[in-house]
Amino acid sequence: MTDTYDAIIIGAGQAGPPLAARLTAAGMSVAFIERKLFGGTCVNTGCIPTKTLVASAYAAHLARRAGEYGIGTGGEVTVDMKAVKARKDMISTRSRNGVESWLEKMERCTVYRGHARFLSSREVQVGTHRLAAKQVFINVGGRALVPDLPGIDRVATLTNTSILELDTLPRHLVVVGGSYVGLEFAQMYRRFGAEVTVVEKAPRLIAREDEDVSATVQEILEAEGITVRVGAECIRFEPRGADIAVGVECTSGPPVATGSHVLLAMGRRPNTDDLGLENAGVEIDERGYIVVDDELRTSAAGIWALGDCNGRGAFTHTAYNDFEIVAANLLDGERRRVSDRILGYALYIDPPLGRAGMTEAQARATKRPLLIGRRPMTRVGRAVEKGETQGFMMAIADAETHQILGAAILGTGGDEAIHGILDMMDARIPYTTLQRAMPIHPTVSELIPTLLGEMKSVSP
Ligand SMILES: Cc1cc2nc3c(=O)[nH]c(=O)nc-3n(C[C@H](O)[C@H](O)[C@H](O)COP(=O)(O)OP(=O)(O)OC[C@H]3O[C@@H](n4cnc5c(N)ncnc54)[C@H](O)[C@@H]3O)c2cc1C
């Protein structure tokens, strides 16, 4: 027997639950399917648990530096990993339960627990239930990519999911992958007290960022005693007693990094391989991402894909924005598009990197005349007062239109301060407008008008 609804939503990540709320409020009946943890990656194995752990790691770091501020801690700073994990679990669980009960109590919404699989473009199987709807919304997210590297099946490795179950401190954590996920774990575990080595295949860390950002991030991590091995061209694994040897063979340094634990942080892959998309006529690209148009419609009429699984974003806020686009277009008579949004994001090492729009390399590639400004955090009063002067801020504008094209704030409060720039970019106002503003003293943001005012012309 088939149960028929107005809409089916697959996946309780960042887009599915708020979409269910909008659709049901509009009077539609919704079948909601989740196979595992409500709240998805962000709530259970991504943003929330990692940022909670980053906060514990920051507390340990600051406690060790307490003497610099004239504060005594009365002895050695210790880290109780069981308590650290319990705090993380409590915050994450509260959020997960919130999403679950929200959906459970939602009028006109029926929650199904199990793995969803398309039978056709209008029918989805979940357990023994066969569901049908005219509209289907896919929000299945992604998971850690575990590449088929030599020796990987001979050793135990961790992913961002399994490392969150540790309540003891690894003696030596080798993080394979020097990008956003890997670097956050690397720094937090170093601050918890582990030896940490980061092994990265590319010639520099977070290679998508500008070279000065990569170099400064590397300096920040090395200053805390993290070993960074970039240019690791032939990564492979081998058991070595109770330890694991990770082959790196960089141009200099020892050919292996040996650790007690290995975290694989080598990218993500979409959860689209077991969804029966072929039965629905939903096209995927060569990496498994669902192909969507600018309004997130898939190749099959009546089916949309939102969040990480469509490859148009890899963040909680891009997934949520996908929901806003789909809801506005379907329910509010608007025409919102993915290409209208300006990307911003943060890397939550400490100090954090806040990013908006283009990198300098991307801006230069447009061949437009540019204005670029830079200021080290040593020249930001608030950073000096806080004793957190690592990093710098930079901004790029179009020299003719005066529109801001991009910015990076790698420094204390950078994840918050970047919004001053992101908001201006979204409002499409010229940077000169900010020259008349009166920012609050002392903040990191107060230097943004100064930074913009000091921009210099660079030749295309
Ligand atoms: C370690 C880490 C840290 C991160 N930190 C940040 C951060 O600080 N800021 C940020 O913006 N982003 C961060 N991210 C990225 C962010 O978590 C994701 O971009 C976001 O969660 C994507 O949401 P989503 O809705 O696309 O999918 P998900 O949140 O992945 O949700 C998908 C849901 O679908 C379910 N599902 C999958 N297949 C099926 C099926 N066949 N049937 C039924 N249910 C199914 C899954 O169980 C899951 O619950 C981080 C990611 C990681 C891994």
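Let's start with a definition: helices (H or I, at least four residues) and strands (E, at least two) are DSSP runs, numbered from the N terminus. With that in hand, look at the loop between β17 and β18, where you will find proline 351. The peptide bond leading into proline 351 from aspartate 350 is cis, with omega near -5 degrees.

Before going on, a word on what we are looking at. This is a predicted model, in which local features need pLDDT of at least 70 and side-chain atom pairs count only at pLDDT 80 or more, while totals for chains, interfaces and linings use all residues. Residues are numbered from 1 along each chain as its sequence is written, and side-chain values use heavy atoms, with hydrogens and water left out.

Back to the backbone. A second cis bond runs from histidine 441 to proline 442, with omega near -10 degrees. Proline 442 belongs to the loop between α11 and α12 (448-453). Then there is arginine 108, in the loop between α4 (81-105) and β3 (109-113). Its phi is near 70 degrees, a positive value in a residue other than glycine. Why point these out? Because most residues other than glycine have a negative phi, and most peptide bonds are trans.

Now the sheet that β17 and β18 belong to. In what order do its strands lie? It is an open sheet of 6 strands, ordered β17-β18-β21-β20-β19-β22, with antiparallel pairing; two strands pair if DSSP finds at least two bridges between them. At the edges stand β17 (344-347) and β22 (456-458), each with a single partner strand, so one side of each has no neighbour in the sheet. From one strand to the next, the twist averages 20 degrees. (Axes are lines fitted to C-alpha atoms, for helices over the stretch in contact, and angles run from 0 to 180 degrees between N-to-C directions.)

Zoom in on β19 (residues 370-376) and β20 (residues 392-398): 7 bridges join them, and they run antiparallel. One bridge pairs leucine 370 with aspartate 398 in β20. Helix α6 (residues 211-223) packs on this sheet, touching β17, β18 (353-357), β19, β20 and β21 (404-410), and its direction makes about 10 degrees with that of β21; contact here means heavy atoms within 4.5 Å. Helix α11 (residues 414-427) packs on the sheet too, touching β17, β18 and β21, at about 175 degrees to β21.

There is also an open sheet of 4 strands, in the order β10-β9-β8-β14, and its pairing is parallel. β9 (residues 195-199) is joined to β10 by 3 bridges, and valine 199 has arginine 229 as its bridge partner in β10.

Last stop, the ligand. Which residues come nearest? Of the 39 residues around the ligand, they are Gln14, Glu34, Thr41, Asn139 and Asp308, where near means a heavy atom within 4 Å. A polar contact is a pair of N or O atoms within 3.5 Å; within protein, one must be able to donate a hydrogen and the other to accept it, and residues adjacent in sequence count only if both atoms are side-chain atoms. Asparagine 139 places a polar side-chain atom 2.8 Å from a ligand oxygen. Threonine 316 has a polar backbone atom 2.9 Å from an oxygen atom of the ligand. For phenylalanine 315, also through a polar backbone atom, the distance to a ligand oxygen is 3.2 Å.
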